[in-house]
Amino acid sequence: MRVGLIGYGYWGPNLARALNQTDGLDFVACCDVNPKNLRSAMRAYPQLNGFSSPAEMWDSVDAVVIATPICTHFHAAQAALRHGKHVLVEKPLAHSSVLAEELVHQAERSGLILMTGHTFIYSPPVVKIKELIDSGALGDIHYISLSRVNLGLYQKDVDVIWDLAVHDFSILLYWLEAMPVWGRSFGRACVQENKNDVAFIWLEYLSGIVAAIEVSWLSPQKLRRTSLIGSKRMIVYDDADPCEKVKLYDRGVVLTPPQSFGEFQLTYTMGDMVAPHVSTREPLLLEVEHFIECVRQGRQPHTNGAFGLQVVQTLELVTANSGQIRAVGRAEEGSIAA
Ligand SMILES: NC(=O)c1ccc[n+]([C@@H]2O[C@H](COP(=O)([O-])OP(=O)(O)OC[C@H]3O[C@@H](n4cnc5c(N)ncnc54)[C@H](O)[C@@H]3O)[C@@H](O)[C@H]2O)c1
């Protein structure tokens, strides 16, 4: 399978490395509208054919990986699908759910694989937590809190929610297998006008689970910290921890039903913490391998177009201009909309 990369800016070189290291494909071409970036790609991978526009590349490839700015994803992916190419497009799938849905339909109609690059879904700690949730180890999940903050990188075309919270939305969708029925964000544009560099987001799910997300490009420390609080156990997932990224705590609080008027008792469980073994394989390599495998076997990827569309719908839910609650997905089944 001949694979080409479109976009060799900040993130493209990581994808190029992953493509170059993955068996079962020929990394044959790179395209970038910026001649300097294209030259860098050609220097790093002299075997590549270089193109300055995607239109010149179609005859040379069977599949493409798109790592261009978000507002260009739709047109690049649409053109690739029209030319019969399988597509792995970086997150988020498109800059609106209408366009994302169009891509999903186009891929379905043409029988091509459309995958969104939600890298965290291929990350072993995230997969381990999914296994723990599904095994019932946490009991009922009460709430999840997520922090994803650091200094930069400021994006040119989107705010911090579309850049960073998109990861958290994909992780929550994967873990909970549900769309939020309510969502809201509150942000501030501190450095650039009209572009939030910090945002706080709240989501509620039909099950009653609530999630709170903090994202920022304006923070002195890099934090990648998620807590999942269940009725039986709790998890702290720290993606910045080099050794023990996932910690499972046998801790909780149980309310003993009152035996007589006015009596109540809380029992605190203070059990052990275990850090389960988690593979150290690189998520991006696993993501690219999965794409190639799905193309070869005609299988739908975990993060297919429909998954990417749901993430875009969540982005729209929380960034709706009015600040009004706008439920998506299973909204009709109930929402706490005011
Ligand atoms: N999965 C992740 O963890 C992760 C991390 C960072 C960025 N990303 C995603 O990667 C994508 C690219 O982000 P970036 O930070 O590398 O952006 P960037 O601006 O640094 O690079 C984009 C590159 O695409 C080129 N380009 C623009 N339009 C083009 C077109 N029509 N045809 C060919 N080339 C074109 C630009 O010249 C540039 O070299 C974004 O979608 C972003 O969300 C994903």
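What covers the buried residues of helix 4? Keep that in mind as you start the tour; the model on your screen is a predicted one.

**Stop 1: helix 4**

Select residues 97-110. This is helix 4, with 14 residues, and from its first C-alpha to its last it reaches 20 Å, close to the 20 Å expected at 1.5 Å a residue. Now show the side chains of Ser97, Leu99, Ala100, Leu103, Val104, Gln106 and Ala107, which are buried in this helix. An α-helix has 3.6 residues a turn, so residues three or four places apart point the same way. Keep that spacing in mind as you look along the set, which includes Ala100, Leu103, Val104 and Ala107.

To see the cover over these buried residues, add helix 3 (73-82), strand 6 (114-117) and helix 8 (305-319), which are included in it. Before you leave, click on Gly111: this residue follows helix 4 and has a positive phi, near 65°.

**Stop 2: strand 10 and its partners**

Next, select residues 210-216, which form strand 10, together with strand 7 (residues 141-151); the two run parallel and are joined by seven bridges. For one pair to zoom in on, try Arg148 and its bridge partner in strand 10, Val215.

Then add strand 9 (residues 198-204). Strand 9 pairs with strand 10 in the antiparallel sense, over seven bridges. Here you can pick out Leu203, whose bridge partner in strand 10 is Ala211. Five residues sit between the strands in this hairpin, and Gly208 takes a positive phi near 100° there.

**Stop 3: Leu176**

Move to helix 6 (residues 160-176) and pick Leu176. Is this side chain buried or exposed? Leu176 counts as buried because its relative accessibility is 18%, and the cut-off for buried is under 20%. Setting aside neighbours within four places in sequence, show what Leu176 is in contact with: Ile141, Ile144, Tyr205 and Ile209. If you like a distance check, draw a line from Leu176 to Ile6: C-alpha to C-alpha they are 32 Å apart in space, with their positions 170 residues apart in sequence.

**Stop 4: a nonpolar patch**

Finally, switch on the surface and colour Val253, Leu255, Phe264, Leu266, Tyr268 and Met270, which make a nonpolar surface patch of about 700 Å². Strand 13 (246-256) and strand 14 (265-274) are the elements that give two or more residues to this patch. The largest share, three residues, comes from strand 14. End on Leu266, which lies in strand 14 and counts as partly exposed because its relative accessibility is 38%.

How values were computed
Residues numbered from 1 in each chain as written. Predicted model: local features only at pLDDT ≥ 70, side-chain atom pairs only at ≥ 80, totals over all residues. Heavy atoms only, no water. Helix = DSSP H or I, 4+ residues; strand = E, 2+ residues; numbered from the N terminus. Expected span 1.5 Å × (residues − 1). Buried < 20%, exposed > 50% of the residue type's maximum accessible area, 1.4 Å probe, protein only. Contact = heavy atoms within 4.5 Å. Pairing = 2+ DSSP bridges. Patch = residues over 30% accessible without salt bridge, like charges linked within 9 Å, V, L, I, M, F, W, Y side chains within 5 Å. Areas by Shrake-Rupley, 256 points an atom, 1.4 Å probe, with all protein chains shown as cover. Salt bridge = Lys/Arg side-chain N within 4 Å of Asp/Glu carboxyl O.
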